[in-house]
Amino acid sequence: MRHLHQFMIVLALTLMGQSVSAYDFMVDGIAYNVNNDRTSVTVTYQKHEIVSCSPSYYELSDEVNIPETVTYSGITYNVTSIGQYAFSYCDGLTSISIPNSVTSIGQYAFQNCSGLTSISIPNFVTSIGKNAFEYCGGLTSFTIPNSVTSIGDGVFHGCSGLTSISIPNSVTSIGNYAFEGSGLTSINIPNSVTSIGNHAFESSGLTSINIPNSVTSISFGTFYGCNSLASVTIPNSVTEICTYAFSNCYSLTSINIPNSVTSIGNYAFEGSGLTSIAIPDSVTSISSYAFAYCSDLTSVTIPNSVTSIGDNAFSGCYSLVSMNLPNSVAEIGERAFQSCASLDSVIIPYSITQISKYTFKGCCGLKSVTIPNLVKSIGFEAFEGCSDLAQIICLSEKPPYASEYTFNGVDYGNCKLFVPAGSKTKYSTANGWKNFLNIIEFEPPLIGDVTYDGQVDISDVNQTINVMLGKGTNSLADVTGDGVVDIADVNAIINAMLGKR
């Protein structure tokens, strides 16, 4: 009956929004809980308001000195830890001294101590709990002691004034959201660090970063929204760049992706400031939205290792002028190049069997398209809004399936449709194609006629060499048909010029 009476009192206080004690005793304004060993104590919060987000309620100002030992009721205790929420929401706290006896700092211990400008962590501290200094906007610098081996989740999240931090070689991991929203402009990550967590530096003030060669993965959203990030060094140890890793890094105009990288995740560079990108030949697929809305991107080099380009991979890349699509590419996703308004010409790879819906929608600067003979269907509004399209070369004798909206917005009177000899009637009656008023039959191109001018000469050699050097794209340059444009193709053209076919 006595316990029930006590419970009812606590319940009544809770419902009334009153405070209940959260400590065993208090000395000099600091609250403590006695640990299980009965010889040591943990600094804890003073009061806990059930209906509030801020459990500390310390009325502290200026400096606080935590002692190594504290005596209460004739018993002396060692102060060994700072517990969770211990000083959270202490707005008046400006600096705190932590004794060498302390070995751990609990989660949220100093959360929202917005006035805290100075803190020294002793070398005996081995663990700092998650979100321990979250939203301590007044902190400008921080030194992590050599005794700490990991920086936990969200430890410095929202520390907008934090511009300098020292990470020792003892640290092996940086947790999720560890420095998200911090004011860091640069940071030295030691080679001891093997993992950097999701969103670790999201929306921070970083201007440059050197990723150590001990790291193998750039995690989900690690540098998302780092608007000032202009320089990144990725070592050969990195094998994957994960989803959103560099998304919305507006100042990032160039980056070298090493050959060790085999995977570039969805949205990895979405909305970044890249002006050009060379994808290494270790990558086999370009993920969805990987480079979407990179409005300053003018050129992309895609190696022969790439077999697929995901949905919206380059959508919204308004400045993209040139795009080489190697014959290794067998799949191009929906909206892959939507709204690439500066794209001038496209030669669809021979390996493509269908062009997805909306693929080139809104490419208003597109003037020439070559469609190979394996393409069986062209999706809904695939070329919608391509108002400047002047030439379509379709190599299939049988018209690929197309809807009445596939070429919606194309000038059917001025755009010339080139089709194989003997197939004009089929195209002039086929849905999606019959609207073209200038359907012109052509004979199959001569072997080596890369420029498609009806003759094989030095201009075809020059065009092929330019393709080899990455200066443009032309599927006809693959004279040998092996999927690679190289010296063998140049030799084949020269033989054709000499009549040695």
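Is Lys-367 buried, exposed or partly exposed? Select Lys-367 to find out: at 40% relative accessibility it counts as partly exposed, because the buried class ends under 20% and the exposed class begins over 50%. Keep in mind as you go that this is a predicted model.

**Stop 1: the salt bridges**

Keep Lys-367 selected and add Asp-344. Their side chains meet in a salt bridge, with 3.8 Å from N to O. Lys-367 lies in the loop between β30 (354–355) and β31, while Asp-344 lies in the loop between β28 (331–332) and β29, so this pair ties together parts that are 23 residues apart in sequence. Asp-344 is partly exposed, with a relative accessible area of 35%.

How many salt bridges does the structure hold? There are 2. To see another, select Glu-381 and Lys-361, whose side chains meet at 3.0 Å, N to O. Glu-381 sits in the loop between β32 (377–378) and β33, and Lys-361 in the loop between β30 and β31, so the pair links parts that are 20 residues apart in sequence. Colour these two by accessibility: Glu-381 counts as buried at 13%, whereas Lys-361 counts as partly exposed at 22%.

**Stop 2: the five-stranded sheet**

Now switch to a cartoon view and select β29, β31, β33, β34 and β35. These 5 strands form an open sheet in that order, with parallel pairing. Which strands stand at the edges? They are β29 (345–347) and β35 (438–442); each has a single partner strand, so one side of each is left without a neighbour in the sheet. Neighbouring strands here are turned by 15° against each other on average, direction ignored.

Start from the β29 edge and step inwards. β29 and β31 run parallel and are joined by 3 bridges. Select Ile-347 and look across to Thr-370 in β31, which stands opposite.

Next, move from β31 (residues 368–371) to β33 (residues 391–394). These strands also run parallel, and 4 bridges join them. Thr-370 turns up again here, with Ile-393 of β33 as its bridge partner. Then select Ile-371, which stands opposite Cys-394 in β33.

Before leaving, show the side chains of β31. In a regular strand, side chains alternate between the two faces of the sheet. Are the faces of β31 covered or open? Both are covered: Ser-368 and Thr-370 on one side, and Val-369 and Ile-371 on the other, are all buried.

**Stop 3: the three-stranded sheet**

Travel back along the chain and select β6, β9 and β11. They make an open sheet of 3 strands in the order β6-β9-β11, with parallel pairing. The edge strands are β6 (62–65) and β11 (118–120), each with a single partner, so one side of each has no neighbour in the sheet. On average, neighbouring strands of this sheet are turned by 20° against each other, direction ignored.

Zoom in on β6 and β9 (residues 93–97), which pair in the parallel sense over 4 bridges. For one cross-strand position, select Glu-63 and find Ser-95 of β9 opposite.

**Stop 4: two buried loop residues**

Select Leu-252, in the loop between β21 (240–241) and β22 (263–264). Though it belongs to a loop, Leu-252 is buried, with a relative accessible area of 0%. What does Leu-252 touch, beyond residues up to four places away in sequence? Its contacts are Leu-229, Ala-230, Ser-231, Val-232, Phe-246, Ser-272, Gly-273 and Leu-274. For a distance to try in the viewer, draw a line from its C-alpha to that of Asn-227: the two are 25 residues apart in sequence and 8.1 Å apart in space.

Now go to Ser-247, found in the loop between β21 and β22. Ser-247 is buried too, with a relative accessible area of 0%. Leaving aside neighbours within four places in sequence, its contacts are Phe-223, Tyr-224, Gly-225, Tyr-267, Ala-268, Phe-269 and Glu-270.

**Stop 5: a nonpolar patch**

Finish with the surface turned on. Select Ile-458, Ile-494, Met-497 and Leu-498, which make a nonpolar surface patch of about 370 Å². Leu-498 lies in the segment after α4 (487–497). Is Leu-498 buried or exposed? At 56% relative accessibility, it counts as exposed.

Note on methods: Residues are numbered from 1 along each chain as its sequence is written. This is a predicted model: local features need pLDDT of at least 70, side-chain atom pairs count only at pLDDT 80 or more; totals for chains, interfaces and linings use all residues. Side-chain values use heavy atoms; hydrogens and water are left out. Two strands pair if DSSP finds at least two bridges between them. Axes are lines fitted to C-alpha atoms, for helices over the stretch in contact, and angles run from 0 to 180 degrees between N-to-C directions. Patches are made of residues with over 30% relative accessible area and no salt bridge: like charges are joined within 9 Å, nonpolar side chains (Val, Leu, Ile, Met, Phe, Trp, Tyr) within 5 Å. Accessible areas come from the Shrake-Rupley method with a 1.4 Å probe; for residues, only the protein chains shown count as cover. A salt bridge is a side-chain nitrogen of Lys or Arg within 4 Å of a carboxyl oxygen of Asp or Glu. Buried means under 20% relative accessible area, exposed over 50%, partly exposed in between (1.4 Å probe, protein chains only). Contact means heavy atoms within 4.5 Å.
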